[in-house]
Structure formats: structure tokens, C-alpha cells
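Dear colleague,

I am passing on the structure we spoke about, and below it you will find notes on the salt bridges and the nonpolar cores. Please read them with the model open beside you.

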Amino acid sequence: MKCLVINYRNTVFILAVIFLLSVTSFSTIMGMTIKSDNPIRRLPIYCVETDEKKVSITFDAAWSAEDTDEIIEILNEYNAKATIFVLGTWIDDNPEAVKKFFEAGHEIANHSDTHKLFSKVSREEVIKEIEECNKKIEAITKEKVTLVRAPSGDYDNKSIEIAESMNMKMIQWSVDSLDWKKLSVDEMYSRVVTKTENGSILLFHNGVENTPKALRKILEKLKNDGYKFVTVSELIYWDNYKIDHTGKQVNDQNNRRTIT
């Protein structure tokens with residue numbers, strides 16, 4: 001008769017097999033799938049790596065349009081071209097405001113049609129949100145929309161891939177004024193000027209009480225520091241780039257689209 005000799009090595013092997021079988025059975029029972037690799041998380045453009053003292057002023061337009069003329073006047077005073085991310089429903093209520101921003105030389109970009117959170121809705125709904133807003137913008141500007149910002153900054157791999165399939169870049173921000181929290185002028189000023197650096201994308205909102213006063217003070221400081229204010233399309237790289245783990249867009253071959 002042959003006897004099975006149980007030594008330390010055999011014991012470890014047997015226990016390992018039992019453990020793997022039990023985990024597999026448990027995961028099957030619970031309806032889970034165990035994967036060894038994780039999907040790569042996609043990122044939008046938060047800011048741009050550049051040696052030039054250039055930044056982009058951006059506004060999310062979703063509320064009131066009462067301060068449109070004042071904001072345009074302030075931007076013009078500092079020779080600043082901004083990018084205005086507009087909501088489709090805001091365009092419905094304020095087509096003249098969109099036209100004013102555009103005719104003043106500012107870039108009009110997509111902020112979705114009805115502000116549905118991209119990560120919470122289906123692929124089809126994301127496509128519809130972007131397409132409907134694009135149609136409304138292009139009806140006024142007669143120009144193709146190339147930039148989109150996710151509502152509340154709520155993006156996921158799906159929405160970034162959809163934007164790219166539509167030849168659009170998804171844009172986030174690296175400096176948040178938090179004006180929507182109704183901060184004081186000085187609080188907004190301190191937040192923005194201490195965080196701004198070459199290639200920053202700054203976020204503001206229109207229809208907020210203290211934003212125009214804070215904007216003038218911020219632009220004055222940044223201009224004195226040597227910064228120029230360009231649209232997002234002029235700031236970012238359109239080809240031969242990568243986005244690092246922080247969302248910074250890094251140009252590989254200094255190949256940037258020329259905006260005319």
C-alpha cells in the first residue's frame with residue numbers, strides 16, 4: 001500500500017488550491033467577476049505645460065446673463081479673450097448674450113444642453129447633450145464647436161471618448177475661483193492669484209454677484225505679473241500631446257494649432 005506523505009510544501013500547496021477554489025466559488029455565487037487588471041482612467045485637460053506666461057479665463061454660463069456687458073467690458077479692458085462654456089438651456093433664454101460674447105472675440109464652447117451629469121447617464125444621452133448644445137451654438141456663431149466641459153466637472157471615460165469621437169476636447173480647470181459659493185472679492189482674488197501659473201485654466205461663472213469686481217482685480221494683478229489671456233483653443237495642444245496623471249497636457253513636438 002502506498003502512503004501519502006504530507007510535508008510542509010504539500011500542505012502549503014493544498015491550502016492554496018483550497019483557498020482559490022473557495023474564492024472562485026464565492027465570487028460565482030455573489031455574481032462577481034475578479035479581474036487582474038484595472039481599466040485606465042481617462043482625464044480631460046486641466047491645464048497645459050508651457051514656458052509661456054499664458055493662461056485661459058473661462059466662464060460657465062448657466063445662470064443669469066445680466067452681467068454680460070460688464071464682463072465683456074472688463075475683459076476688453078485687459079485685452080483678455082475668454083472661453084465661455086454655455087449651457088443649451090441658457091442659450092435658449094439668452095441668445096443675445098451668446099452673440100455679444102462671440103462678437104466681442106470670445107470663444108463659445110459646449111457645457112451640455114441641460115446639465116445632466118455625464119457619468120450618471122447613458123452613452124446615448126451624453127451624445128444628445130453634446131450634439132444639441134453644439135447645434136444651438138453653431139446656429140449663432142456659424143462655427144464648429146471643438147471644446148466641451150462636463151456639467152459640474154463630472155466626466156468619465158465614456159464621456160471623454162464620446163467627445164474625442166466628435167473631434168472635441170474635454171476641458172476641466174486647474175484654478176477654481178469658487179465664485180459660486182459667493183466668496184468675497186478678496187477671497188476670490190487670493191484663491192486665484194496664488195494658484196495661477198503658466199498654462200492654467202481659470203474657472204469663473206457669470207451671474208454671480210462678486211465675480212466682475214474680483215475679475216477686474218485678478219486680471220490687473222496677473223497682467224502686471226506678465227500674463228497674457230488667451231482662449232482655451234489657443235492655449236491647448238491639438239496634436240502630438242499626452243495628458244499626465246494630474247490632467248496637465250504636455251506637448252511632445254511643440255505642434256499647436258494656429259488660431260486665426
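A residue is called partly exposed when its relative accessible area lies between the 20% under which it counts as buried and the 50% over which it counts as exposed. Lys221, at 32% relative accessibility, is therefore partly exposed, and please bear in mind that this is a predicted model.

The side chain of Lys221 meets that of Asp225 in a salt bridge, with 3.5 Å from N to O, and Asp225 is likewise partly exposed, at 35%. Elsewhere, Arg42, Arg123, Glu161 and Glu164 are joined into one network by salt bridges that share partners. The count of salt bridges comes to 14.

Two of the pairs link separate helices. Glu77 forms a salt bridge with Arg216, their closest N and O atoms lying 3.1 Å apart; because Glu77 is in helix α2 and Arg216 in helix α8, this pair ties together parts that are 139 residues apart in sequence. Lys100 pairs with Asp69, again with 3.1 Å between the closest N and O atoms, and this salt bridge links helix α4 (residues 95-103) to helix α2 (residues 68-77).

As for the interior, the largest nonpolar core has 54 residues, and those touching the most other members include Leu75, Trp90, Leu219 and Phe229. Helix α8 (residues 211-224) gives the largest share of this core, 5 residues. Apart from this core lies another, of 15 residues, with Ile45, Val48, Phe85 and Val232 among them.

With best wishes

Terms used:
Residues numbered from 1 in each chain as written. Predicted model: local features only at pLDDT ≥ 70, side-chain atom pairs only at ≥ 80, totals over all residues. Heavy atoms only, no water. Core = buried A, V, L, I, M, F, W, Y, C linked by side-chain atoms within 4.5 Å. Buried < 20%, exposed > 50% of the residue type's maximum accessible area, 1.4 Å probe, protein only. Helix = DSSP H or I, 4+ residues; strand = E, 2+ residues; numbered from the N terminus. Salt bridge = Lys/Arg side-chain N within 4 Å of Asp/Glu carboxyl O.
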